[in-house]
Amino acid sequence: MSEVVFLSNTNIQIAVGASASDGAKVSKLISAPLPEGAVLNGVVMNPDAVIEAIKIAWQANKLSKSEVTLILNSPQLRANRTDTPLLPDKKTTEFVTRESSDADYGRFQKPTTGWYIVSKDNKAKTQKVVYETAEVDFVNKYVDIFDMAGLKLKSIHNGVQLAAEYFTKQAAGKTVLYMILDGKSLVTIFFAEGKFYYDSTSRVFSQPGTPEFAREIYSSVSSIRQFISAQHLNETLKDVLFAGLTYTQVNQLANDILNIDSTVEISLVQPPQGTSIGNDSTQFPFFVYPIAGLRKIDERMPILKSLKETQKKKADGSGLGKLIIPFIGIAAVLAVVYIGCLTISAQKKAELKELESYNRNPDTIAKVNEYDAMYDNMGEMGKIQGGVDLLKEYIDTYPLPNSSVNTKILEAAKKHDVSITFNSYSATSGVFNITASSPIVEDINMFIADLMSMDIFENVDYTGYDISSDGSRWHINVICTLAAREPVEDTSSEEEAN
């Protein structure tokens, strides 16, 4: 048996059990409160309160104090998926380290990275890997907290990626959206024809059971539909599986969204095949993350092992090795200098005398002064010419908001029966601000997708939807940034030559 702990903003969730051949066997599910503000988005704000809450939970439920896996959803524990060649573990670690350095450049100052294998394709000789990166201090803080609570951490993982992998078999061949609500945090995981495409985390402001909550959920569904349209996927999203709410709350949400869009079908998420829950399976929607952590994970480089190796290298680098290397370098340099001096000392003395005589020659000094003056003059002329060339390039490529731009926008709007209002244009930034409206949300999505495909725009951005007071039309603000024009080729020199 092992324990998997998920720390949310409001409570401690514990799943006790073991991995099964194709899932997890859960013997006990436990929820214990956390003091308000003790943990915020996976970051410990009050270590003493967290340590005390963990101690109380373990003592009250008489749990084992070893083999503990910690699950977190935090921007401080970043997880990414990547494809790598089939390589030995050491080479894969080097590959993942380079990949994580590129993906998280500038985000972490002292990072440590662990990874595990999700799947292998022996025919293509590739493997899909999830790598997790965090600051060394962030990981050490959790190790110290659990150590002071009397527990030993076995591993630390990102919950969203575990959940995505956990639902992969259940989503096989389907286009489906999983939504997991944890307090005010909403995680969405999107599969198209069984392939994982996208996950995101957003904040929910309304209370479940209210019409406002349904509108917020529908807004998230619409965002995924926009993603589908922008990626030109030939899929229709209608199935949404919800976790983090009761059966009654999900039914209420389904009815509220039915009044907004009858094509969306919302239902309560069920345990994937291979998962068995001993005491009460109805608790599953509230324990997705810790149950997902019970499954067998092909860990080749756990983040805690990576942390130890990072600290070991640092210690080795600052110990005896650091003391010996400078002395070896100095000795080598001295030996080279000594041998060189013996062999070329006489030759260099003669060359030095000849060079000094040449440098003192009045003719040489005059030529040097003349060269310096000419070089300075050429440098000033080069700067002026470079500035003129750059200014011409800016003028030639500056975007022109002529009538053809408006015509293309109106043609795209007419194609999808979307009404357009031109609000403003900034000559400084080259930005059009327009408002698009239609009684059908999908028409607006397709209109925006057409704008994105136009080469006259460098960028197309848009804010959230709102609906008119009578509920008849949807509105969205769209910001279109004009792309630079292609510079016109100068053919005057060719004409002169002819």
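Where is Lys120 found? Lys120 sits in strand β8, which runs over residues 111–121. This is a predicted model, so take what follows as a tour of a prediction.

Let's stay with Lys120 for a moment. With a relative accessible area of 46%, Lys120 is partly exposed, because that value falls between the 20% and 50% cut-offs. Setting aside residues up to four places away in sequence, Lys120 touches Leu86, Thr126, Gln127 and Arg300. There is also a C-alpha distance to look at: Lys120 and Thr84 are 36 residues apart along the chain, and their C-alpha atoms are separated by 9.6 Å.

Now for the whole chain. The protein has 13 helices and 22 strands. Its radius of gyration is 32 Å, well over the 23 Å that the globule rule gives for 498 residues, so the protein is more spread out than a compact globule. Along the principal axes, the C-alpha trace spans about 100 × 70 × 50 Å. Of the 498 residues, 40% count as buried. As for contacts with a separation of 6 or more, residues 24 or more positions apart account for 66% of them.

On to the inside. In soluble globular proteins, nonpolar side chains tend to be buried together. Here the largest nonpolar core has 51 residues, and Phe242, Ile266, Phe447, Leu451 and Phe457 are the ones with the most contacts inside it. Helix α5 (residues 211–230) gives the most to this core, contributing eight residues.

Phe457 makes a good stop on the way through. Leaving out its neighbours within four places in sequence, Phe457 is in contact with Val405, Ile409, Leu451, Cys480, Thr481, Leu482 and Ala483.

That brings us to a pair of helices. At what angle do helix α11 and helix α12 pack? The angle between α11 (residues 403–415) and α12 (residues 441–453) is about 145°, and their axes are 9 Å apart. The crossing is right-handed. On the α11 side, Ile409, Ala412, Ala413 and Lys415 meet Phe447, Asp450 and Leu451 of α12. Sorted by class, that contact has five nonpolar residues, no polar ones and two charged ones. Phe447 and Leu451 turn up again here, having been listed among the residues with the most contacts inside the largest nonpolar core.

Val288 is worth a look too. Val288 belongs to helix α7 (residues 288–294). Is Val288 buried or exposed? Val288 counts as buried, because its relative accessibility of 2% is under the 20% cut-off. Not counting residues up to four places away in sequence, Val288 touches Ala163, Phe167, Ile180 and Ala243. By contrast with those contacts, the C-alpha atoms of Val288 and Ala436, which are 148 residues apart along the chain, are separated by 39 Å.

Last come two loop residues with backbone angles to check. Both have a positive phi without being glycine:

| Residue | Phi | Loop | Relative accessibility |
|---|---|---|---|
| Glu67 | near 55° | between α1 (47–61) and β6 (68–72) | 38%, partly exposed |
| Lys125 | about 60° | between β8 and β9 (126–135) | 59%, exposed |

Why does Lys125 count as exposed? Lys125 does so because its relative accessibility of 59% is over the 50% cut-off. Glu67, at 38%, counts as partly exposed because that value lies between 20% and 50%.

Definitions and conventions
Residues are numbered from 1 along each chain as its sequence is written. This is a predicted model: local features need pLDDT of at least 70, side-chain atom pairs count only at pLDDT 80 or more; totals for chains, interfaces and linings use all residues. Side-chain values use heavy atoms; hydrogens and water are left out. A nonpolar core is a set of buried Ala, Val, Leu, Ile, Met, Phe, Trp, Tyr and Cys residues joined through side-chain atoms within 4.5 Å. Buried means under 20% relative accessible area, exposed over 50%, partly exposed in between (1.4 Å probe, protein chains only). Helices (H or I, at least four residues) and strands (E, at least two) are DSSP runs, numbered from the N terminus. Contact means heavy atoms within 4.5 Å. Axes are lines fitted to C-alpha atoms, for helices over the stretch in contact, and angles run from 0 to 180 degrees between N-to-C directions. A crossing is left-handed if the near helix is turned anticlockwise from the far one by less than a right angle, and right-handed if clockwise. Ala, Val, Leu, Ile, Met, Phe, Trp, Tyr, Cys and Pro count as nonpolar, Asp, Glu, Lys and Arg as charged, and the others, Gly among them, as polar. The radius of gyration is taken over C-alpha atoms; the globule rule is 2.2 Å times the number of residues to the power 0.38.
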